[in-house]
Amino acid sequence: MNGDTLRQIACGLLLASLGAVLGCEQKSAAPPKAVRGVALQPVSEKAASDLSLAIWQAGQAQVVHTRGHAETLQRTVVALLEQPGEDRLEKARLAWLDAHREFAATLPYIQLAFSPVALRSQGRELLLALDSWPAQAGYLDTVPGYSDSGIVNDTAIELTLANLRKQHRLTAHEEASIGFHALEVMLWGPTSERMAAQFAADSRGEKPEALATNRRRALTRLIARGIEEDMGGLARSWPSSANNLSRRYLALGPVARLQQIRAAHTQVIDELLLSRLPEGSESDVESSLAADSKQALLAAMATLQSNWIPTGGGGLAELLLDRHQVSALEQTFADLEALLLEMEDPFELAELGQLAKARKLLEKMAGLMAGTTQVPASEMNIMPAVLPVE
């Protein structure tokens with residue numbers, strides 16, 4: 001699924017809920033409070049209420065959608081382990097790609113949901129459980145030159161999901177034992193040469209459960225289950241009736257909700273998206289094995305674009321920015337998408353000049369969303385002075 005398709009899905013979710021946001025009268029507008037020192041133009045309470053609720057509902061729909069892909073991923077992994085074959089391994093990899101991109105599209109909503117101070121630690125734990133990277137292959141499986149490396153060979157570790165959660169990032173951040181990138185290592189292999197035969201069950205010996213191939217099977221199954229379990233928990237806590245995440249969000253006033261969305265989206269760019277663009281040849285790359293770092297970033301951008309400048313109008317940009325900032329933000333989205341589509345995937349293969357340009361565009365995007373980047377009127381928008389005729 002490409003960035004355009006993801007954008008159409010996300011836009012559809014928003015446009016179905018926005019209704020008459022653009023038609024709200026500005027007469028009842030209340031002056032919003034400044035955030036991070038930025039004074040805002042008056043915002044209609046009705047428009048703010050409609051849009052902030054629509055974005056929350058779009059987040060719920062995206063979370064449910066991602067959970068469905070996580071369930072599909074788990075089923076394809078189980079099918080692979082029941083009857084290992086190259087076709088089933090390929091299906092599991094394709095399911096991983098779909099689920100990983102949908103999860104990336106969920107990041108702006110997750111950042112929003114866990115914005116309250118009391119929830120930030122919980123949100124960080126969830127993101128680290130699902131999306132910790134880079135994942136050190138030798139922490140999980142056999143790697144060239146180290147035939148006894150990894151959890152698959154360490155029989156002292158009982159293979160349960162609870163134990164894997166304890167082992168996750170135990171002594172270093174790259175020691176991922178759960179989440180998308182741990183599963184990426186298992187499906188593609190430490191050197192991207194995984195074969196389905198490496199998932200074949202082996203009944204030899206007195207303790208076949210201690211054999212590396214059988215532990216590899218168990219480890220892969222547990223990681224896939226953990227992803228589905230974590231996404232399921234998020235989906236259950238999102239709806240208004242769950243009285244968890246939504247309670248804190250809905251307790252805010254409409255304009256305050258928009259401010260929280262604005263802060264969360266600039267933060268997701270600063271802390272989650274910029275880190276995916278390596279600054280040099282030695283930098284970590286998110287999905288080097290699955291070659292999915294670019295498409296995942298495009299998916300996250302599609303969500304941001306659907307919230308800020310959706311097709312048909314009515315997004316955050318129209319309520320929070322002036323017309324010059326709106327135009328600049330729209331152009332920045334277009335420029336960044338065009339640049340990313342030209343780049344190699346994974347990003348470690350991309351040109352350093354392209355990566356630097358992409359980082360600058362993301363930084364500009366964050367500044368425009370925050371309202372800290374002012375855009376002067378272009379010469380085309382300035383009425384020329386009329387000089388007297390001699």
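A residue counts as buried when its relative accessible area is under 20%. With that cut-off in hand, look at Met 365: its relative accessibility is 0%, so Met 365 is buried. The model you are looking at is a predicted one, and Met 365 is a friendly place to start exploring it.

Met 365 sits in helix H14. Which residues does Met 365 touch, leaving aside those up to four places away in sequence? They are Ile 269, Leu 329, Thr 332, Phe 333 and Leu 336. Take Ile 269 from that list: 96 residues separate it from Met 365 in sequence, yet their C-alpha atoms are 8.3 Å apart in space. Helix H14, which covers residues 352-370, also holds Gln 354. Gln 354 has a relative accessible area of 16%, so this residue is buried as well. Not counting residues up to four places away in sequence, Gln 354 touches Leu 339, Glu 342 and Met 343.

Now step back to the whole chain. Its secondary structure consists of 14 helices and zero strands, so read from the N terminus on, every element in the order is an α. The chain has 390 residues, and 53% of them count as buried. Contacts that link distant parts of the sequence are well represented: among contacts between residues at least 6 apart, 76% join residues at least 24 apart. The pair Met 365 and Ile 269, 96 residues apart in sequence, shows what such a separation can look like.

Next, follow how some of the helices pack, beginning with H2 and H8. Helix H2 spans residues 45-82 and helix H8 spans residues 212-237; their axes come within 9 Å and cross at roughly 165 degrees. That angle makes H2 roughly antiparallel to H8, and their crossing is left-handed. On the H2 side, the residues that meet H8 include Val 63, Ala 70, Leu 73 and Val 77. On the H8 side, those that meet H2 include Thr 220, Ala 224, Ile 227 and Met 231. Sorted by class, the contact of H2 with H8 has eleven nonpolar, four polar and seven charged residues. Why might contact residues recur at short intervals along a helix? An α-helix has 3.6 residues a turn, so residues three or four places apart point the same way.

H2 has another partner in helix H3, residues 86-113: the two pack at an angle of about 155 degrees, with their axes 8 Å apart. H2 and H3 are therefore roughly antiparallel to each other. H2 passes H3 in a left-handed crossing, and the residues of their contact divide into 18 nonpolar, seven polar and four charged.

H8 also has another partner, helix H4, which covers residues 117-131. The axes of H4 and H8 come within 10 Å and cross at roughly 150 degrees, which makes H4 roughly antiparallel to H8. This crossing, too, is left-handed. Leu 126, Ala 129 and Leu 130 of H4 make the contact with Ile 227, Asp 230, Met 231 and Leu 234 of H8. By class, the residues of this contact are six nonpolar, no polar and one charged. If Ile 227, Met 231 and Leu 234 sound familiar, that is a good sign: these residues of H8 also meet H2.

Helix H11 lets you look at a single helix on its own. H11 runs over residues 293-308 and has 16 residues, reaching 23 Å from its first C-alpha to its last, close to the 22 Å expected. Is H11 enclosed or open? Of its 16 residues, 16 are buried, so H11 is largely enclosed by the rest of the structure.

Finally, visit the loops, where some backbone details are worth a look. Most residues other than glycine have a negative phi, and most peptide bonds are trans. Arg 169, in the loop between H6 and H7, has a positive phi of about 55 degrees although it is not a glycine. Its relative accessibility is 25%, so Arg 169 counts as partly exposed. Ala 291, in the loop between H10 and H11, has a positive phi of about 50 degrees, and at a relative accessible area of 29% Ala 291 is partly exposed. As for cis peptide bonds, one runs from Trp 133 to Pro 134, with omega near 0 degrees, and Pro 134 lies in the loop between H4 and H5. Another joins Asp 345 and Pro 346, with omega about 10 degrees. Pro 346 is found in the loop between H13 and H14, and H14 is the helix that holds Met 365.

Note on methods: Residues are numbered from 1 along each chain as its sequence is written. This is a predicted model: local features need pLDDT of at least 70, side-chain atom pairs count only at pLDDT 80 or more; totals for chains, interfaces and linings use all residues. Side-chain values use heavy atoms; hydrogens and water are left out. Axes are lines fitted to C-alpha atoms, for helices over the stretch in contact, and angles run from 0 to 180 degrees between N-to-C directions. Helices (H or I, at least four residues) and strands (E, at least two) are DSSP runs, numbered from the N terminus. Angles under 35 degrees count as roughly parallel, over 145 as roughly antiparallel, 65 to 115 as roughly perpendicular and the rest as oblique. A crossing is left-handed if the near helix is turned anticlockwise from the far one by less than a right angle, and right-handed if clockwise. Contact means heavy atoms within 4.5 Å. Ala, Val, Leu, Ile, Met, Phe, Trp, Tyr, Cys and Pro count as nonpolar, Asp, Glu, Lys and Arg as charged, and the others, Gly among them, as polar. The expected span of a helix is 1.5 Å times one less than its number of residues. Buried means under 20% relative accessible area, exposed over 50%, partly exposed in between (1.4 Å probe, protein chains only).
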